[in-house]
Amino acid sequence: MSNYHIKHLEEYYQVYRKSVRNPEVFWEEIAEEHFMWRKKWNKILSWDFSKPEVKWFEGAQLNITENCIDRHLYTRGDKTAILFEPNNPSEGAQHITYKELHDRVCRFSNVLKAQGIRKGDRVCIYLPMIPELAVSVLACARIGAIHSVVFAGFSANALATRINDSDCKMVITSDGSYRGTKTIDLKGIVDDALDNCSCVETVLVAKRIHSEVNMKEDRDQWLQPLLDSASPKCTPEIMDAEDSLFILYTSGSTGQPKGMVHSTAGYMIYSAYTFKNVFQYKEDDVYWCTADIGWITGHSYIVYGPLANGATTVMFEGVPSYPDFGRFWDIVEKHKITQFYTAPTAIRALAKEGVEHLEKYDLSSLKVLGTVGEPINEEAWHWYDDNVGKKKAPIVDTWWQTETGGIMITPIPFATPTKPTYATLPFPGIQPALMDENGNEIKGNQVDGRLCIKFPWPSMARTIWGNHQRYKDTYFSAFENMYFTGDGALRDEVGYYRITGRVDDVIIVSGHNLGTAPIEDAINEHPAVAESAIVGFPHEIKGNALYGYITLKDTGEGRNQDNVRKEINQIITEQIGPIAKLDTIQFTNGLPKTRSGKIMRRILRKIAHKDASNLGDISTLLNPEVVQDIMDNAL
Ligand code: WT7
């Protein structure tokens with residue numbers, strides 16, 4: 001029996017049992033048979049969740065790009081590795097073969113080295129979804145530099161925070177980016193960010209939109225001439241299994257974004273193994289994940305997982321609505337996409353536009369459909385199943401996180417019977433637990449609780465960059481000897497999991513993880529604002545939208561409230577990015593607080609959900625009178 005490729009349900013259960021009974025043997029077989037090592041490990045796993053410390057394959061040496069590129073050169077050199085589909089369809093797709101990818105990554109690696117980047121240095125990548133993004137990620141990995149990709153929709157301020165937090169020496173960006181009919185001045189955003197970053201020595205600039213940009217002498221360089229004159233050969237840096245591969249920032253419920261640090265060997269094995277099984281990937285498939293490489297989904301399931309399997313992975317630069325709402329389906333037909341992986345918010349947005357956009361296209365190549373990022377509602381699940389998959393392509397509802405590095409709970413298509421809104425069963429190697437509020441594990445089925453993981457898996461983040469204590473406090477302190485996910489979940493009568501959503505102050509808007517604290521900090525910068533609190537409320541397309549309760553310093557008389565609303569959203573856009581704008585702003589005379597001064601978000605959440613019938617006991621509040629006032633003026 002092969003552990004690597006699971007084909008039916010019985011096999012899943014067998015593999016799963018083995019992965020739990022003897023995790024080390026299980027992972028060792030996979031590592032041994034499916035990857036290229038420069039040196040084998042001395043120890044498969046050591047772990048202690050109380051520190052927390054986790055090490056996989058200690059003593060092993062490798063380079064992930066040898067696994068993702070070099071080893072395919074003889075068998076798949078002329079096969080398309082990256083299929084680039086540009087924003088504007090008339091520009092035409094680009095097929096980058098494994099040989100070409102090797103050439104491009106080596107040249108880029110040599111450019112990085114020539115610019116003084118060494119193993120362990122941090123490089124910030126702030127690029128649109130163009131081939132240079134994947135190539136620069138891989139070039140960092142090839143020379144052992146730690147990449148920190150920042151989604152190119154973040155503002156200058158958010159970018160600066162991330163650059164400074166991990167002390168990046170270099171930024172890789174482009175003149176600008178295309179987004180449907182719009183262009184965005186990325187280089188201008190980088191320039192603004194770097195006014196507040198002293199660590200950056202070099203900025204490499206790719207040309208994409210051919211706009212006029214300002215090049216700062218001694219700092220900024222055009223990328224292409226450097227690539228053209230670089231050698232297409234670059235010996236990969238030999239990395240230790242536990243060396244850091246990348247940092248990726250994610251929002252927390254409080255404070256600044258957390259730079260999650262991922263390791264090399266464990267991450268590689270897990271992203272590759274999950275990719276193979278969750279998408280039932282076969283040699284001639286053309287796989288497309290619509291995420292941006294600025295998120296973990298893109299890291300694991302556009303770049304590393306697919307390339308480690310020698311797959312053809314599509315990179316799409318554009319948006320689902322340009323030139324029209326048929327764009328996704330046009331791409332599916334054109335490239336005969338076999339696996340399609342997207343987010344519930346995209347599915348809902350497309351469903352709203354009607355099936356006429358789909359009907360024009362032949363979607364019969366599709367074998368597996370995926371969803372990720374937030375709970376998928378039943379209606380969206382059925383729309384996807386009926387209209388996109390024509391009830392023939394199983395839907396994999398994949399639950400995971402930036403912190404987990406790879407898919408954790410998911411059906412295995414053609415093996416696990418799917419159930420709408422359920423992520424179903426844990427992937428081999430993953431041991432979930434549901435916990436009650438007293439810290440006890442809830443056993444049995446038909447129960448719900450807080451979702452934890454009891455045992456380490458290879459791709460778990462190892463720390464938060466520069467703040468191991470925060471890593472411990474956030475993930476390993478709520479429940480003893482467990483990784484706490486921050487999500488609630490229920491387990492049904494057959495043991496299937498359904499993720500019910502965050503149990504902390506993280507709000508997921510259109511699949512983007514937003515912490516309330518940085519948004520509130522931005523709002524509070526408005527000179528008229530005394531204080532603010534943000535909660536999520538259900539939104540038809542976005543899943544959740546943001547509701548802000550804002551108290552102004554004076555009564556607001558004489559002030560145009562609509563202008564203040566606009567100004568607040570403008571500040572949020574500048575500080576974080578347009579994804580964090582508030583949908584609803586209610587001006588309040590005060591915010592409900594506990595006697596210790598903590599804002600009672602639970603009450604605000606209920607009011608925003610239009611579910612104020614049972615607010616619980618509010619008499620213990622410091623200021624119960626504001627609650628009625630907020631309810632009377634709720635929007
Ligand atoms: C949070 C993690 C993992 C890639 C994208 C998001 C939510 C993710 C699902 C799903 C229900 C989901 C969780 C999780 N989430 N996938 N299939 N069903 N909820 O990564 O930004 O780190 O967010 O997204 O709440 O904790 P992320």
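Which residues does T404 touch, not counting residues up to four places away in sequence? The tour returns to that residue after the whole model.

**Before selecting anything**

This is a predicted model, in which local features need pLDDT of at least 70 and side-chain atom pairs count only at pLDDT 80 or more, while totals for chains, interfaces and linings use all residues. Residues are numbered from 1 along each chain as its sequence is written, and side-chain values use heavy atoms, with hydrogens and water left out.

**Whole chain**

Select the protein as a cartoon: 20 helices and 30 strands are assigned. Helices (H or I, at least four residues) and strands (E, at least two) are DSSP runs, numbered from the N terminus. The radius of gyration is 24 Å and the globule rule gives 26 Å for 635 residues, so the protein is as compact as a globular protein of that length. That radius is taken over C-alpha atoms, and the rule is 2.2 Å times the number of residues to the power 0.38. The C-alpha trace spans about 75 × 65 × 55 Å along its principal axes.

Colour by burial next. Of the 635 residues, 61% are buried; buried means under 20% relative accessible area, exposed over 50%, and partly exposed in between (1.4 Å probe, protein chains only). Among contacts with a separation of 6 or more, 71% join residues 24 or more positions apart, a contact being heavy atoms within 4.5 Å.

**The cores**

Show W37, F57, L101, L112, F279 and Y304, which touch the most other members of the largest nonpolar core, a set of 123 residues. A nonpolar core is a set of buried Ala, Val, Leu, Ile, Met, Phe, Trp, Tyr and Cys residues joined through side-chain atoms within 4.5 Å. Centre on F57: residues up to four places away in sequence aside, F57 touches W27, E28, A31, W41, K43, I44, A241 and I269. Another core lies apart from the largest one; it has 44 residues, including I163, L552, I568 and I585.

**Helix α7**

I163 leads to helix α7, residues 156-165, whose buried residues are A156, A158, L159, A160, R162 and I163. Add the elements that cover those residues, among them β6 (122-126), β8 (170-174), α8 (186-194), β14 (244-250) and α18 (561-575). Just after α7, check the backbone of D167, where phi is positive at about 55°.

**Strand β15**

Move to V261 in strand β15 (residues 258-263). V261 has a relative accessible area of 4% and is therefore buried. A461 is 200 residues away along the chain, yet the C-alpha atoms of V261 and A461 are separated by 5.4 Å. Beyond four places in sequence, V261 touches S244, F246, I247, A461, R462, T463, I464 and W465.

**Back to T404**

T404 sits in the loop between β20 (395-397) and β21 (432-435). Its relative accessibility is 0%, so T404 counts as buried. Leaving out residues up to four places away in sequence, T404 touches H262, W457, S459, M460 and Y483.

**Last stop: K472**

Is K472 buried or partly exposed? Select helix α16 (residues 468-475), where K472 is found; at 28% relative accessibility, K472 counts as partly exposed. With neighbours within four places in sequence left aside, K472 is in contact with S50, K51, P52 and S477. Draw the C-alpha distance from K472 to K51, which are 421 residues apart along the chain: 7.1 Å.
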